[in-house]
Amino acid sequence: MKGRIEIDEERCKGCGLCVAVCPKKQIEISDRLNTKGYYPACFQEAMAPDPDKIECTGCALCAVCCPDVAIEVYRETKDESKDKDQEKEG
Amino acid sequence: MAGKVLMRGTHVLGEAAVRAGCRAYFGYPITPQNELPEYMAAAFAKMDDAVFVQAESEVASINMVMGASIAGARVMTSSSSPGISLKQEGISYIAAMELPAVIVNMMRGGPGLGNIAPAQGDYFQATKGGGHGDYRLIVLAPAYGQEIADMTRQAFDLADHYRTPVMILGDGMMGQMMEPVEFPEPLAVKSLPRKDWILDGAKGRPSRVIRSLWLDTALEEELNWRLARKYEMISRELADQEMYLVDDAELIVVAYGTAARIAKGGVHRLRETGLKVGLFRPKTLWPFPSARLATLSRHIDQMVVFEMSTGQMVEDVRLAVEGRCEVSFYGRPGGVVATPEEIARVLSSAYHRKASFEGGGSRSWQAQGYTNLGSA
Amino acid sequence: MKKVFSRPESLKETPFHYCPGCGHSIIHRLVAEVIDELGIRERTIGVPPAGCAVLAYNYFDVDMAEAPHGRAAAVATGIKRMLPDRIVFTYQGDGDIAAIGTAETIHAASRGERVTSIFVNNAIYGMTGGQMAPTTLPGQVTTTTPGGRAPLRDGNPIDLSEMLGVAAGSVYIERTSVTSPKNILKTKKAIKKAFTVQLEDRGFALVEILSPCPTNWKMTPVDAARWVDESMTKIFPLKVIKDVA
């Protein structure tokens, strides 16, 4: 199952809890300041990643931990995942 | 019950409250007002839309009052002097959040633990704050059983109308006295106007907040001025007094509550001997009936303020009079109940002293209980 | 892809003023999620504390009423007694509920008031700058215990939840934490149960949630979460203190 997250960089306060909790280590603290003066977290696979190499599973552990509700999580549905598997086999 | 009934003051208050639509009472026992929570407990037990809780303290009960008022109820608490001290924080919040509530203080001897006898030592606390911040408390001061009934009804109406806490300031004596009283018909709670500001769940409307925290000083200032405008309006509309035999009086005794009844007895005795004395009895202590008192001060020689304290209302009398006539003071604090004869003697002394010392002279009256605080 | 995680409806859009890594933010979200899932937003009334969460009414999209410091249980009692079919909850810090509010809380629980209390325990007074709290650990440095809390001089920490467990009117008392996804989800379950107790008109329910305060503990958010797990749980173990629901 593949997934994707979106981090609202203006809400993020750079607390780093998501970084610590991501099992795939796909979140890092960026070196850009947001307008509130924090260094927000950023999702390593945000920029059109290679679909075969996506690490994020949409487990949402980051979002569960995030104090600022700054993360939205998307996950492939079972059907989407099945289609992809079928594509690969076919 | 139709017609006149013989009832003690605390019970009168309770019955009047129930008839005024009070459906929530939170209190804590303290002498000399325990009969009031007991009355409410008994009355509410027979009703299924009324809530009685004996709270764990006066602090808890004033906060329960806050909650019930937030939920839209006509709600009351009662206590006596030390317990009213405990309620001051809550009263400040209730005033700031513009919540209606009725608070009853049956004053007793103080300060500190004091005693359970009647006194009037809480005038400052009631009228000059008591709680922190720029707010005022409407203070009604009954002197008769019938007035307890009437003013209780009035208190609930005023509280709802102005969205502000109202205090009924009595004392231990009037709470225990039994007098004939006639009650109005009970109000139907459903007939009361709907309160469109209460918290009852954000169904079909945006959620609301009832608060008194305004970190933005501009907003806090706005709240303060809004309250001040409300209090000014109340001052113009509400001040009330009894003026008894004042038209031709040369000396007027100023007193409220039980002290006024005693003073009235003194006035009667002196009138029988031909002395032209009268009584001015404030019925609202806040707003204080300054305008009427000021008018009187223009054509009388002197006022004697009698309080069951060491002198608190006398300051408001002096403020109202603005030096136009002499103001002296007689006090019996500590729960001592003076007699009408005693007051007659005091008034007579003042009356004759003024007559024989025209244009000044020494004031060395040292009779027990007679003090002249400040300058007259 | 399907969105599987987003902001609960009962939480307003307003960004939190809480510090980075503060437990309040997580707990607010959990309470809002529970209110959504139980479908009670339109009949819920909340009573926030004096403390960092005094501004809780900026975040929860439900009716909210301020109470003086410590008095939330009494204010909630007044509201619930008048409106028994609404859901009334208090949200309080350790000072609000276990110092100045001890009497009101214990008595509300004893009376079995049908209210739900969320007790956020971060072992310190956050809003006022880091003074000792009733739940500060022995040896813990705060601004009023600069040498570390010394029980002889400063007293011992109070375990309010254990006291509430003894109260006859309390139905469900549990202590959880928000230091890991697993603990966060357990906390959500506990909060949901506590609200359900009220929905079923059973009695008083409270969830005590150990919560990190990185700013006043002078730790990073990750270290603060670890300190809760390693140190706080020694004095305040995660457990169900009472459950007769």
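This section describes how chain C meets chains B and A, and the strand pairing across these interfaces, in a predicted model.

The interface between chain C and chain B is considered first. Here, 29 residues of chain C are in contact with 33 residues of chain B. On the side of chain C that touches chain B, at least two residues each are supplied by strand 2 (44-47), strand 3 (63-65), helix 2 (72-82) and helix 4 (102-110) of chain C. Helix 2 of chain C provides the largest share of this side, with 8 residues. By residue class, the side of chain C that touches chain B is made up of 15 nonpolar, 4 polar and 10 charged residues.

Strand 3 of chain C also takes part in backbone pairing with chain B. Strand 9 of chain B (residues 209-210) is joined to strand 3 of chain C by 2 bridges, and the two strands run parallel. Within this pairing, C:Met64 of strand 3 of chain C stands opposite B:Val209.

The interface between chain A and chain C follows. In this case, 26 residues of chain A are in contact with 24 residues of chain C. The side of chain A that touches chain C receives two or more residues from each of helix 1 (17-21), helix 2 (61-65) and strand 4 (71-75) of chain A. The residues on that side of chain A comprise 14 nonpolar, 4 polar and 8 charged.

Strand pairing is likewise present between these two chains. Strand 4 of chain A and strand 1 of chain C (residues 2-5) run antiparallel and are joined by 3 bridges. One of the paired positions involves A:Arg75, whose bridge partner in strand 1 of chain C is C:Lys2. Within chain A, strand 4 also pairs with strand 1 in the antiparallel sense, over 5 bridges. In that pairing, A:Tyr74 of strand 4 of chain A is the bridge partner of A:Arg4.

Together, these strands belong to an open sheet of 3 strands, with the order 1(A)-4(A)-1(C) and antiparallel pairing. Strand 1 of chain A (3-7) and strand 1 of chain C form the edges of the sheet, each pairing on one side only. On average, neighbouring strands of this sheet are turned by 30 degrees against each other, direction ignored. Chain C thus contributes strand 1 to a sheet with antiparallel pairing that includes strands of chain A, while strand 3 of chain C runs parallel to strand 9 of chain B.

How values were computed: Residues numbered from 1 in each chain as written. Chains lettered and ligands numbered in written order. Predicted model: local features only at pLDDT ≥ 70, side-chain atom pairs only at ≥ 80, totals over all residues. Contact = placed C-beta atoms within 7 Å. Helix = DSSP H or I, 4+ residues; strand = E, 2+ residues; numbered from the N terminus. Nonpolar A, V, L, I, M, F, W, Y, C, P; charged D, E, K, R; others polar. Pairing = 2+ DSSP bridges. Axes fitted to C-alpha atoms, helices over the stretch in contact; angles between N-to-C directions.
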